[in-house]
Amino acid sequence: MPIRVLDHHLIDQIAAGEVIERPASIVKELVENSLDAGAQCIEVEIEAGGVRLTRVRDDGSGIPAGELTLALSRHATSKISSAADLAAITTLGFRGEALPSIASVSHFEIVSRHVDADRAASVSVDAGVAGEVIPAAHPPGTTIEVRELFYNLPARRKFLRSEVTEQGHIVRLLERLALSRDDVAFRLRTGSRTLLDAPRLQNGAAADRLARIVGGDFVERSLEVDHSAGPVRIHGWIGTPAAARATSDLQFWFVNGRAVRDRLLMNAVRLGFRDVLYSGRQPSYVLYLDIDPVLVDVNAHPQKLEVRFRDSRQIHDFVFRAVERRLAGTKPAPGALPPAWHGAATHTSPLPLHSAVHAGPVGLGGTWALSEISGARDPSFEGVADSPPPWAAAADGMPADAAAEPLGQALAQIHGVYILAQNEQGLVLVDMHAAHERVLYEKMKSHTGAAATQLLLAPITVTLKVDELDALLAQRDQWQAAGFDLERLSPDTLVVRAVPALLPREDIAALVRDVVHGVAEDGAAHHLDGATDRLLGTLACRSAIHAHRRLSLAEMNALLRQMEQTPRADQCNHGRPTWTQVTLAELDRMFLRGR
Ligand SMILES: Nc1ncnc2c1ncn2[C@@H]1O[C@H](COP(=O)(O)OP(=O)(O)OP(=O)(O)O)[C@@H](O)[C@H]1O
Ligand SMILES: [Mg+2]
């Protein structure tokens, strides 16, 4: 075949192939146009998952009758006019492609009245050919109707999913758009059913829109973020570790009001969460990045879902640190509940204690109290070294100042696992291993005081692969900070002369191997300083005080005081809660007091 220039209709269809994937893409393009036109109220109506009909009506600025045909032409836009405009885009659209693309793959009609005009006009497009502009009735604003999507592209139509699936995509998409602008009302209907209704909010009620779209549950378990540095600002909400999910479906990013799924930004948040989430759990968040438009290129993805930052490294660090710092603020404060149980205290108790009172055989039985609370009865305590843990040093003679000690005073150890304490609000329960793990981890990470070390009478040798030993020794400083003294004996032999004071002696070789393998295994999945943190995390977990070790009251109190000083003390290194509060009011309710 000779080379030839394609006809316009075919060019439009090719362009549509990139941008118009499914009915939701049409909703996106049309609603973005409405937002660019300054609409305050946008109504979307669909039939058959948007395939039979998608209609978008807005009360924006409208299009003058004389420009209506132009609006449907390729590369015709009112939004930019020069390269300088392209370099600093402030509108959602700018390519002048959406309307001609959509019109080339559907039966299309537009009715619009410009704010300054006294009459509306309309144009229909069929098989890519625009008809005459004719007068019409319409209030100021625009309505666009798209019928029978892909009627002329059977191959594309075959790829569409069921009506329910396509409708779901539209709902998700409109939710995203509704989160991007709470000053605009959005409504989505199909037949007589309303699928989404987000009324316009006056300033300050942003959390209402958030609750409506992503649910009050998230709002209750999230932390507000607002942090600026020079030309960049990040604001919005990040879910506490307790709000983490199995999937990434509650992750919203908006860059200058544009919904994006940008890998750099998503990565930065994940990194900020790395210390507080189980592996495999996904953080949830709704975050807005406002940035000087000159510093971001939005013309980087066919559907404008990704952006390119002029200084991506800096943005990555900015976001990562803002998230990390916000999460670090979750250490116990006077009167504060751990986020894991936030809101629970005022409704029903999340603790098994509660149900035990009503149903459990141990609940009110006379045998419960003393024998269960005293750890001394546990046979596994026998033979455990009783040297005080290193963090017990400053324990004695602490003043019982309730405000300075939010976690209160230790009373007892339960089953060798939990510490029972009493504070101003009521009862505090601490998972001692999880809490100690967090304390150790943060300590190792900040290098404040190396962990206490125990010299081994007989040094232990560990055989490893040569490259594993190389990798281990590359992190020798971290091992040292954790309390290990290590040296290479031969290319594949390591000698361990000292270990963290709390480590059980039997399994040191196994521990070293575990840590080396664990760190190597997921090493490729992370970047930045992830490897070090993982090493510290594993070491902290393995070095933290183990269950069934008997603690004195002074030791328990020392741990409580250290938790109060430790960032992120609410969760252990795996994201599990480390402590919880049962308030007096809850206790009263359990025992039906005051009724
Ligand atoms: N709802 C609307 N209200 C007012 N003007 C509109 C509306 N929809 C489209 N227009 C006008 O039609 C033009 C073409 O729209 P189209 O979506 O094709 O291109 P664009 O928005 O400029 O760029 P992009 O292809 O990136 O979306 C717009 O530039 C705008 O002037
Ligand atoms: Mg557009």
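A residue counts as near a molecule if one of its heavy atoms lies within 4 Å of it. Keep that cut-off in mind for the first stop, and remember as you click around that this is a predicted model.

**Stop 1: the ligand and its shell.** Select ligand 1 and show its surroundings: 22 residues make up the shell, and the closest are T77, S78, K79, E97 and K304. Colour the shell by class and you should find 8 nonpolar, 8 polar and 6 charged residues.

**Stop 2: the polar contacts.** Next, pick K79, where a polar side-chain atom sits 2.7 Å from an oxygen atom of ligand 1. Then move to G96; here a backbone N or O atom lies 2.9 Å from an oxygen atom of the ligand. Now try T142, whose side chain has an N or O atom 3.4 Å from a nitrogen atom of ligand 1.

With those contacts on screen, switch on a surface. Taken alone, ligand 1 exposes 590 Å², and the protein buries 94% of that. Which elements give two or more residues to the shell around ligand 1? Select 23–36 and 98–104: these are α2 and α5.

**Stop 3: a cavity.** Hide the ligand and look for enclosed space. Rolling a probe the size of a water molecule over the atoms shows where empty space is left. The structure holds 3 cavities of 30 Å³ or more. Let's visit the second largest, with about 40 Å³ of space. To frame this cavity, select L86, A87, A88, I89, N256, P293, V296, D297 and V298, which line it. By class, that lining divides into 7 nonpolar residues, 1 polar and 1 charged.

Note on methods. Residues are numbered from 1 along each chain as its sequence is written. Chains are lettered from A and ligands numbered from 1 in the order in which they are written. This is a predicted model: local features need pLDDT of at least 70, side-chain atom pairs count only at pLDDT 80 or more; totals for chains, interfaces and linings use all residues. Side-chain values use heavy atoms; hydrogens and water are left out. A polar contact is a pair of N or O atoms within 3.5 Å; within protein, one must be able to donate a hydrogen and the other to accept it, and residues adjacent in sequence count only if both atoms are side-chain atoms. Accessible areas come from the Shrake-Rupley method with a 1.4 Å probe; for residues, only the protein chains shown count as cover. Helices (H or I, at least four residues) and strands (E, at least two) are DSSP runs, numbered from the N terminus. Ala, Val, Leu, Ile, Met, Phe, Trp, Tyr, Cys and Pro count as nonpolar, Asp, Glu, Lys and Arg as charged, and the others, Gly among them, as polar. On a 1 Å grid over the protein atoms alone, a cavity is a set of points where a 1.4 Å probe fits but cannot get out, and a pocket is an open set with protein on both sides within 12 Å along at least five of seven lines; lining residues have an atom within 4 Å of a point. Grid points are joined across faces, edges and corners, and a volume is the space filled by probe spheres set on the points.
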